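Here are some notes to read alongside the model, for anyone opening it fresh. Have a look at the structure, then work through the points in order.

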Amino acid sequence: MGRNELLSNVISRKSLEPGLCLEVSAAMPKSRTPLMIGWEAARANAKPALIIQAIMLAIAISFYANSTIADGLRNLAEFKRAHGLMFVVCASVFAGAILPEIFLILFFQRARPQIGNLHNLAFTIPVWGFDGSLVDLLYRTEANWLGDVATVPIVLGKIFIDQFGYNVLFAAPFGVLTYEWKNNGISMQPLRDLFTWRHYRDKISPTLLATWAVWIPLMAIIYSLPLALQFPLFGLALSFWVLLLTYMTNRFAGKVEADAPIALATTDG
């Protein structure tokens, strides 16, 4: 899914913004394996992942336990049903492209937009719009195959299809490819490398490991809700994840101090 594009950026040592290279390779021992890279990325993402998972779990519990919140979420589901693909694309673009770019400008560019922000959006808007439409199609297809009920076997089946089918065969390779195109000036070399075992071992495998650590618990929460709410909740989780990962990549790039608080915690001030 779309989160793979972000994680592949971290693992490939590129940030989401132009010119921000995660200068970590020189300090890393050459013996580090792709599996070790994936494990380290998962550990680095552990705190923001737990924050997002806790928020999503609270929302899911509230849906079943609090009638006011349940009514609000049902209204959101009806809005999504009424607007169909337009809602899906707009929500994906806002969560994956526009919101993090605003976040970048406010917290890392001193509220000064740059031409690079437009370059970023020219790339991220179509990528996230396409990615979001595929995610929504996946959720609807799984509901047709397995049913729209939240039993343990059905939730586990959807997680398996999502994370070990769609993610392994398409989402992670597509995510790495798109950001390698961006970072390499849309050259053909990433496309040629895509179909080699070395590429999958060195880049896709670490991306998958880091993704699974965050998103398998999130998918268990999302798939425990009715189909009409699954994509809106995915979009909400994606928003939190993109913002936190934007902060992390900028911290790794030296744009903020290593012991600085997560920027999201200071937005109200």
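**Notes on the predicted model**

1. Let's start with the rings. Y139, W215, Y223, F231 and F234 come together as one aromatic cluster. Keep in mind while looking at it that this is a predicted model.

2. How many aromatic pairs are there in the count? It comes to eleven. One of them is Y139 with F234, an edge-to-face pair with 6.2 Å from centre to centre and 90° between the planes. This pair ties together distant parts of the chain, since Y139 belongs to helix α5 and F234 to helix α9 (residues 227–252), 95 residues apart. Y139 and F234 are both buried.

3. Another pair to click on is F164 with W212, which is tilted: the centres are 5.0 Å apart and the planes make an angle of 40°. Here, too, distant parts of the chain are linked, with F164 in helix α6 (residues 152–183) and W212 in helix α8 (residues 197–222), 48 residues apart. Are these two rings buried or exposed? Neither word fits: F164 is partly exposed because its relative accessibility is 38%, and W212 is partly exposed because its relative accessible area is 22%, where buried would require under 20%.

4. Now step back to the overall layout. The chain has nine helices and zero strands, so reading from the N terminus gives α-α-α-α-α-α-α-α-α. Of its 269 residues, 48% count as buried. Among contacts with a separation of 6 or more, 74% are between residues 24 or more positions apart. The chain exposes about 13200 Å², and 67% of that comes from carbon and sulfur atoms.

5. Where should you be careful? The average pLDDT of the chain is 75, and 68% of the residues score at least 70. Helix α1 (residues 2–11) has the lowest mean pLDDT among the elements, 46, while helix α5 (residues 115–146) has the highest, 91. Residues 4–30 stay under 50, although the model gives them 73 contacts beyond four places in sequence. Residues 251–269 are also below 50, with 29 contacts in the model beyond near neighbours in sequence. Where pLDDT is low, the predicted coordinates should not be read in detail.

6. On to the nonpolar core. The largest one has 40 residues, and the members touching the most others are M56, Y139, L233 and F234. At least two residues of this core come from each of α3, α4 (67–108), α5, α6, α8 and α9. A separate core of five residues includes A172, V176, I204 and L208. As background, nonpolar side chains in soluble globular proteins tend to be buried together.

7. Helix α3 (residues 46–65) is worth a walk from end to end. Its 20 residues reach 28 Å from the first C-alpha to the last, close to the 28 Å expected at 1.5 Å a residue. The buried residues in α3 are P48, A49, I52, Q53, M56, I59, A60, S62 and F63.

8. Two neighbours in that list deserve a look. I52 counts as buried because its relative accessibility is 0%. What is the C-alpha distance between I52 and V214? The two are 8.8 Å apart in space, with their places 162 residues apart in sequence. Q53 is buried as well, because its relative accessible area is 13%. Beyond residues up to four places away in sequence, Q53 touches A213, V214, P217, L218 and I221.

9. Finally, try L225, in the loop between α8 and α9. Why does L225 count as buried? Its relative accessibility is 4%, and the cut-off for buried is under 20%. Leaving out residues up to four places away, L225 touches A60, F63, Y64, Q230 and L233. L233, in turn, touches M56, I59, L73, I222 and L225 by that rule. The C-alpha atoms of L225 and V155 are 9.6 Å apart, while along the chain the two residues are 70 residues apart.

Key. Residues numbered from 1 in each chain as written. Predicted model: local features only at pLDDT ≥ 70, side-chain atom pairs only at ≥ 80, totals over all residues. Heavy atoms only, no water. pLDDT = per-residue confidence, 0-100. Helix = DSSP H or I, 4+ residues; strand = E, 2+ residues; numbered from the N terminus. Contact = heavy atoms within 4.5 Å. Buried < 20%, exposed > 50% of the residue type's maximum accessible area, 1.4 Å probe, protein only. Expected span 1.5 Å × (residues − 1). Phe/Tyr/Trp six-rings, centres within 6.5 Å; stacked < 30°, edge-to-face > 60°. Core = buried A, V, L, I, M, F, W, Y, C linked by side-chain atoms within 4.5 Å. Areas by Shrake-Rupley, 256 points an atom, 1.4 Å probe, with all protein chains shown as cover.
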